[in-house]
Amino acid sequence: MYPADTPSEKLVDKLGRHSFLSLWCYLKPMKPVGKGGGEHCDMLVVCDPHVIIIEIKECGVTDSGRIDVDWERWRRSAINKAVGQIYRAERWIKRAKHVIRRDGTAGLPFPDISRRQIHRIAVAFGGKRKVPFQMGDLGKGFVHIFDELSLDRVMGELDTIADFIGYIRDKEIFLNSGKKITITGGEEDLLALYLYNGRRFPTDHDRIVVGTDLWDGFTGTEEYKNKKAADANSYIWDRLIEIFHNDFATCGLEFGNSLEEVDATTRIMAREDRFSRRVLGKAFNEFMGLTSEGKGKIRSRMTASPSGILYVFLACKRGTERKDRIAELHARCFVARGLNPEYKTVVGLATERYKEDAGFSLDALCLEKPDWTEEDQKKLIYLQNELGFFKAPVQSTVSEDEYPVA
């Protein structure tokens, strides 16, 4: 990732990395040499099947004495130009096979066009909420428009790709529903309405007015504060993703050391929304607490995510060969898949038993197995009986509220 050039680009780059992972973020991606060259847009985020096109314009509002003229000039410079660039970038993407970084090297392939979902984001800096503007289909597809304040608040709150995509997708449907919708507040007030309503927009009213005090009212509730405190566990999961990605970047992985393979596993882990990450981070933290050196109470655990993905955690003795650890992890993921037929995808994470003031390594793999055969069942029984992998698993159920009541 190359450094951003302007203050607005630096903010978007920072928020993009925080929410979407640097593996997927491309600042100022390029068009193919020989086909016009130059930049596609300010930022691309590619997470199959999603492609987010982000264009940034920074322009102050003039004061000529004619407010209507000043507003129109700002809209042309800050919004219309950004929207035009987004549409042009989308045309190029339709003909491209993969992202081209600023240095000309190939990035991730674009999702197949049959399942590709394009999301258009225009970021208009400098209006300071003096200028009214609209979002929607501005000629060639729906464009979401953010100012500097709303971008910071929305991406700060929806800081996973699952949460962010879910919101802008539902918002697009809501604003295109034909209902009479008046927004006097900012984008964050619209987000507050969405979150307060259980991550849904209201559908049982013909006319909806979004005021200016929804965000402050929502974030001031005890339930919201309790959620933020409970979400501390979720950032354990973020840390695991970061470690896995950094190991790939520094060639520290023992397997699958290619961009596509790392992306496949990381994408599943990072597609977990903030609530699912809380459940998974809490489960992983508890699991590691049971694997301290000298205790060895538990070697492996299966944990189901609310997203429908099954995870297997494995903690081996320190000094275990990585290849042996990975082999065991793969076998345990296989057994877990067989014991839980409703889960077709299993992700495994392996590390060492916890030891205070000691480092650790991390291995991860993804097992996608839609079908289960008689031969698979025989192999499962062998792994259980001969190696003891999940031979007599103890099941437990936990409950978790997204907005806990004190």
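A residue counts as buried when its relative accessible area is under 20%. This cut-off is applied here to a predicted model.

Aromatic contacts were searched for across the whole structure, and 13 aromatic pairs were found. One of them joins Tyr194 and Phe201. Their ring centres lie 4.9 Å apart. The planes meet at 40°, so the pair is classed as tilted. Tyr194 has a relative accessibility of 4% and therefore counts as buried. Phe201, at 8%, is also buried, because the cut-off is 20%.

A tilted pair is also formed by Phe287 and Phe313. Here the centre-to-centre distance is 5.9 Å, with 40° between the planes. Phe287 belongs to helix H10, which covers residues 274-289. Phe313 belongs to strand E12, residues 310-316. The contact therefore ties together parts that are 26 residues apart in sequence. Both Phe287 and Phe313 are buried. These two rings also take part in one aromatic cluster, together with Trp237, Phe284 and Tyr311.

Charged side chains over aromatic rings complete the account. The charged end of Arg95 sits over the ring of Trp92. Its distance from the ring centre is 4.8 Å. Arg332 lies over the face of Phe390. In that case the distance to the ring centre is 5.1 Å.

Conventions: Residues are numbered from 1 along each chain as its sequence is written. This is a predicted model: local features need pLDDT of at least 70, side-chain atom pairs count only at pLDDT 80 or more; totals for chains, interfaces and linings use all residues. Side-chain values use heavy atoms; hydrogens and water are left out. Rings of Phe, Tyr and Trp (its six-membered ring) pair if their centres lie within 6.5 Å; planes under 30 degrees apart count as stacked, over 60 as edge-to-face and the rest as tilted. Buried means under 20% relative accessible area, exposed over 50%, partly exposed in between (1.4 Å probe, protein chains only). Helices (H or I, at least four residues) and strands (E, at least two) are DSSP runs, numbered from the N terminus. A charge sits over a ring if NZ of Lys or CZ of Arg is within 6 Å of the ring centre and within 35 degrees of the ring normal.
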